[in-house]
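Here is a quick tour of a protein chain, going from its overall make-up to a sheet and then to a pair of helices. Have the structure open while you read.

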Amino acid sequence: MTDPSAPARPGSVTLHDVADAAGVSLATASRVLNGSTRNVAGPYRERVEAAAARLGYSANLSAQATARGTSAIVALLVADIADPYFGELAAGVARGADEAGLVVTIATTDRDADRELRLVRALRGQRPRGVILAASRAAAQFAPELARELDLIAAAGGRVVALGPQADGIRGITLDNRGGAEALGRALADSGYRDAIVLAAAEGIVTSDERVAGFTAGFTAGGGSAPRLHRAGFTRDAGAAAMTAALAEGVAPGTLVFGISDVVAIGAMGALRQAGREVGADVALCGYDDIPTSRDVTPALTTVNIPLEEVGYQALRAAVDPDWSPAPLPLQVLLRGSTPPPS
């Protein structure tokens, strides 16, 4: 029998020690500490939990996965953790995970399909409770190899959630990127802008394509001309590079520039200033997402608000709640100082 008063050596306490200290069977201690769905009577559960706390026992994630079929891990895959868009989203995932008593693992895909496949394959070995795919996709459908890995995760009891339309066996958190961008383009055309440039990612990136198509439709419907298009990427540096290329072609005063994300637009803002152009009074600028930085730059950036933290929270609930159903995620056009009404 383990001496309850004996100090534990870090990392030395086993489940056997906890069971001995609590005076219960090893099976009972395992059910309490490794997340089994089988109920344990209150007094026994309290004894096991008290003994584990006293001895400094740390549950084994592999044992938990064996007991439950899945581990207490939710994996979040993002394109770029340095992008505030994904940071806001991760905050919502973390809030939901804390409520559910889960641990969040974050991995970055760099928008590389092969890297995403390798990460999902590695995560499958951890038997995660859920996998949330939040990176921008290069296609509406999953590649066959990735789809197979996701099917295997689901077969093991994990649940897969993706930002985008629902697919077979996968819950989707749908954002109306096209509709939000269309509303933005229409609002700015209605305020008097007639010439526009769009700074986008490579063709085939679904989020970028939806925003380009939506903005173009709204801007032209409001009386604007078809925008010029420059493609680079989703990063700040990509926005600066695309804006520099547009400036080399010529940008007339009064032109409206739409960056497909706030990060892209902020990169464009830097390039405009370096070229001696004034944002707002000379060249108007708008983005998409409403990251916190968009409110802090001068002038404040016109954009489309996405409730990013709520998106992340819903994604986590979708991963762990059997009865989950999607809730509305309203998008809002925010007109700020970077797009004053043209004179």
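What follows starts with the whole chain and then moves to some of its elements.

Keep in mind that this is a predicted model. The chain has 343 residues, and 49% of them count as buried. Its secondary structure adds up to 13 helices and eleven strands. Among contacts with a separation of 6 or more, 75% join residues that sit 24 or more positions apart. The chain exposes about 15,400 Å², with 51% of that supplied by carbon and sulfur atoms.

Now for the sheet. Five strands make up an open sheet in the order E2-E1-E3-E4-E5, and the pairing is parallel. At the edges stand E2 (103-108) and E5 (170-173); each has a single partner strand, so one side of each is left without a neighbour in the sheet. On average, neighbouring strands here are turned by 20° against each other, direction ignored. E1 (residues 73-78) pairs with E2 through six bridges, in the parallel sense. One of the bridge partners to look for is Thr108 in E2, which is matched with Val78.

Helix H6 (residues 113-124) packs on this sheet, touching E1, E2 and E3 (130-133), and its direction makes about 175° with that of E1. Take Glu116, which is found in H6. Is Glu116 buried or exposed? Its relative accessibility is 7%, and the cut-off for buried is under 20%, so Glu116 counts as buried. Leaving aside neighbours within four places in sequence, Glu116 is in contact with Leu77, Thr109, Leu133, Arg137 and Leu146.

Next up is H8, a helix of 14 residues (177-190) that reaches 20 Å from its first C-alpha to its last, close to the 20 Å expected at 1.5 Å a residue. Its buried residues are Asn177, Gly180, Ala181, Leu184, Gly185, Leu188 and Ala189. Look down the axis of H8 and these buried residues fall within an arc of 165°, so they line one face of the helix. Just after H8 comes Gly192, with a positive phi of about 125°.

What do the buried residues of H8 pack against? The table lists the partners.

| Element packed against by buried residues of H8 | Residues |
|---|---|
| Helix H9 | 206-221 |
| Strand E8 | 256-259 |
| Strand E9 | 284-286 |
| Strand E10 | 303-305 |
| Strand E11 | 332-334 |

Notes. Residues numbered from 1 in each chain as written. Predicted model: local features only at pLDDT ≥ 70, side-chain atom pairs only at ≥ 80, totals over all residues. Heavy atoms only, no water. Helix = DSSP H or I, 4+ residues; strand = E, 2+ residues; numbered from the N terminus. Buried < 20%, exposed > 50% of the residue type's maximum accessible area, 1.4 Å probe, protein only. Contact = heavy atoms within 4.5 Å. Areas by Shrake-Rupley, 256 points an atom, 1.4 Å probe, with all protein chains shown as cover. Expected span 1.5 Å × (residues − 1). Arc of directions from axis to C-beta. Pairing = 2+ DSSP bridges. Axes fitted to C-alpha atoms, helices over the stretch in contact; angles between N-to-C directions.
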